[in-house]
Amino acid sequence: MTQTSTGASKSDTAMIVLENLSKRYVLRGGNEVEALKNVNLTVNAGSIHGIVGQSGAGKSTLIRCLTGLEQPTEGNVYLDGKQITGLGHNTLRKERRKIGMVFQSANLLDSRTALENIAYPLKIAGVGKKERQERAKELLEIVGLAGRGDSYPSQLSGGQQQRVGIARALAAKPEVVLCDEPTSALDAETTRQILTLLEQIRDTMGVTVVIITHEMGVVREICDSATMLEHGQILETGPVRKIVANPKSKLARELVPMPSLDDADIPEGTTVLDVMFTSKPGVPTGATVLSLASRMGADVAAGTFESMAEVQVGRLALTVPTIHLKQIMETLEQNDIAVEVRS
Ligand SMILES: Nc1ncnc2c1ncn2[C@@H]1O[C@H](COP(=O)(O)OP(=O)(O)OP(=O)(O)O)[C@@H](O)[C@H]1O
Ligand SMILES: [Mg+2]
């Protein structure tokens, strides 16, 4: 948890607030698309927040409203306590400097070196040569590329280019780093390295990180909180540990991969229950699930455990005698265990 100089916890303050945000696009011919419908969410300062949703869910629209590139049809956007909806051009430009952007492809300038790419936004902002070079060097080191400042983008790997992209986003000392699918073009190992880097940056600089992604793995790896979007609406939003403890949507259940189960392992006369639970201090939830279920004749057919947002999350496929299905589901639900018949 990030501490401010006053000792107060920075994560208790809201860095981004979206309030009753709606966006309708009018298409040629007069039809309307509701890209966002009454979206309410808060991202705490110093946290890493994931925004997840399938193609067309409204993620990019949300980002454009957040950066003031697009005016919402209704609602408000607050950045660091300041309302940014309805601001004039110049004031908005100033506020926008509080946001650094990272994209799926680093979009570096091919004719400039890594160092020059990082320093470029500072040049635009009118920072003197010496100062911007020093800052760029410092950032190059932070992203693990010290010594590669003179390399051109074509001489760097995809992961290294993304590191330069991250350094460039940090150049103007933003409060928020907004990443739009930052790892979608990278392999698994490079993805892990980039996510670790984002986490380090949050830890050392205290910036707030927002990651737009369609990959649940990203949320699982580094997000403190998340928002699940579907058809422009929020399915769930809040701390990851709360979402996984009581997932209300199919999308949220995807946070923990369903263990694979062979049909041959499902005994006749049984139904498969999909059970999710988290470890809570002092409550052996996993053991509770097992003992409750086995007492009523259920068996664990498959299971998986993940460590996420500092809690242990389990997902089990239980085969239960179909005649006891209702009773078993009721018992588990009474014990606050999220359970569903596996589809
Ligand atoms: N400028 C626009 N004019 C009209 N409709 C738009 C516009 N931008 C987005 N939309 C529509 O709004 C909805 C949400 O689009 P958006 O681009 O925000 O989704 P997304 O979650 O970013 O998808 P993807 O993962 O494919 O990038 C879609 O139905 C899209 O067709
Ligand atoms: Mg998009």
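**Exercise 1. A bridge in strand 8**

Task: In this predicted model, determine which residue of strand 8 is the bridge partner of Gly50.

Solution. Step 1: Consider the pair of strands. Strand 3 covers residues 48-52 and strand 8 covers residues 208-213; the two run parallel and are joined by five bridges.
Step 2: Read off the partner. Gly50 is bridged to Ile211 in strand 8.
Step 3: Place the pair in its sheet. The strand order is 6-7-8-3-9-10, in an open sheet of six strands with mixed pairing. Strand 6 (99-102) and strand 10 (233-239) are the edge strands, and each of them pairs on one side only. From one strand to the next, the twist averages 15°.

**Exercise 2. A helix across the sheet**

Task: State which strands helix 5 lies across.

Solution. Step 1: Helix 5 consists of residues 158-170 and lies across strand 6 and strand 7 (176-180).
Step 2: Relative to strand 6, helix 5 runs at about 165°.

**Exercise 3. Helix 5 and helix 6**

Task: Classify the mutual orientation of helix 5 and helix 6 as roughly parallel, roughly antiparallel, roughly perpendicular or oblique.

Solution. Step 1: Helix 5 packs with helix 6 (residues 188-205) at an angle of about 20°, and their axes are 10 Å apart.
Step 2: Angles under 35 degrees count as roughly parallel. Helix 5 and helix 6 are therefore roughly parallel to each other.
Step 3: The crossing of helix 5 past helix 6 is right-handed. On the side of helix 5, the contact is made by Gly158, Gly159, Gln162, Arg163, Ile166 and Leu170, and on the side of helix 6 by Thr190, Gln193, Ile194, Leu197 and Ile201.
Step 4: By class, these contact residues comprise five nonpolar, five polar and one charged.

**Exercise 4. Helix 3 and helix 4**

Task: Apply the analysis to helix 3 and helix 4, and give their mutual orientation.

Solution. Step 1: The packing angle between helix 3 (residues 114-124) and helix 4 (residues 129-142) is about 130°, with the axes 9 Å apart.
Step 2: Angles over 145 degrees count as roughly antiparallel and those of 65 to 115 as roughly perpendicular, while the rest, outside the parallel range, are oblique. Helix 3 and helix 4 are therefore oblique to each other.
Step 3: Helix 3 passes helix 4 in a crossing that is right-handed. Helix 3 contributes Ala114, Leu115, Ile118, Ala119, Leu122 and Lys123 to the contact, and helix 4 contributes Arg132, Gln133, Arg135, Ala136, Lys137, Leu139 and Leu140.
Step 4: The contact of helix 3 with helix 4 has eight nonpolar residues, one polar and four charged.

**Exercise 5. The four-stranded sheet**

Task: Identify the strands at the edges of the sheet with the order 12-13-11-14.

Solution. Step 1: This open sheet of four strands has antiparallel pairing.
Step 2: Strand 12 (299-308) and strand 14 (338-341) each have a single partner strand and so stand at the edges, with one side of each left without a neighbour in the sheet.
Step 3: Neighbouring strands are turned by 15° against each other on average, direction ignored.
Step 4: Strand 14 is joined by four bridges to strand 11 (residues 270-278), and the two run antiparallel. Within strand 14, Ala338 is the bridge partner of Met276.

**Exercise 6. The shell around ligand 1**

Task: Determine which element gives the largest share of the shell around ligand 1.

Solution. Step 1: Ligand 1 is surrounded by 13 residues, of which the closest are Tyr25, Ala35, Ser55, Ser60 and Thr61.
Step 2: Two or more residues of the shell are given by strand 2 (32-44) and by helix 1 (59-66).
Step 3: Helix 1 provides the largest share, three residues.
Step 4: Sorted by class, the shell holds five nonpolar residues, seven polar and one charged.

Technical notes:
Residues are numbered from 1 along each chain as its sequence is written. Chains are lettered from A and ligands numbered from 1 in the order in which they are written. This is a predicted model: local features need pLDDT of at least 70, side-chain atom pairs count only at pLDDT 80 or more; totals for chains, interfaces and linings use all residues. Two strands pair if DSSP finds at least two bridges between them. Axes are lines fitted to C-alpha atoms, for helices over the stretch in contact, and angles run from 0 to 180 degrees between N-to-C directions. Two residues are in contact if their C-beta atoms, placed from the backbone, lie within 7 Å. A residue is near a molecule or strand if its C-beta atom, placed from the backbone, lies within 6 Å of it. Ala, Val, Leu, Ile, Met, Phe, Trp, Tyr, Cys and Pro count as nonpolar, Asp, Glu, Lys and Arg as charged, and the others, Gly among them, as polar. A crossing is left-handed if the near helix is turned anticlockwise from the far one by less than a right angle, and right-handed if clockwise.
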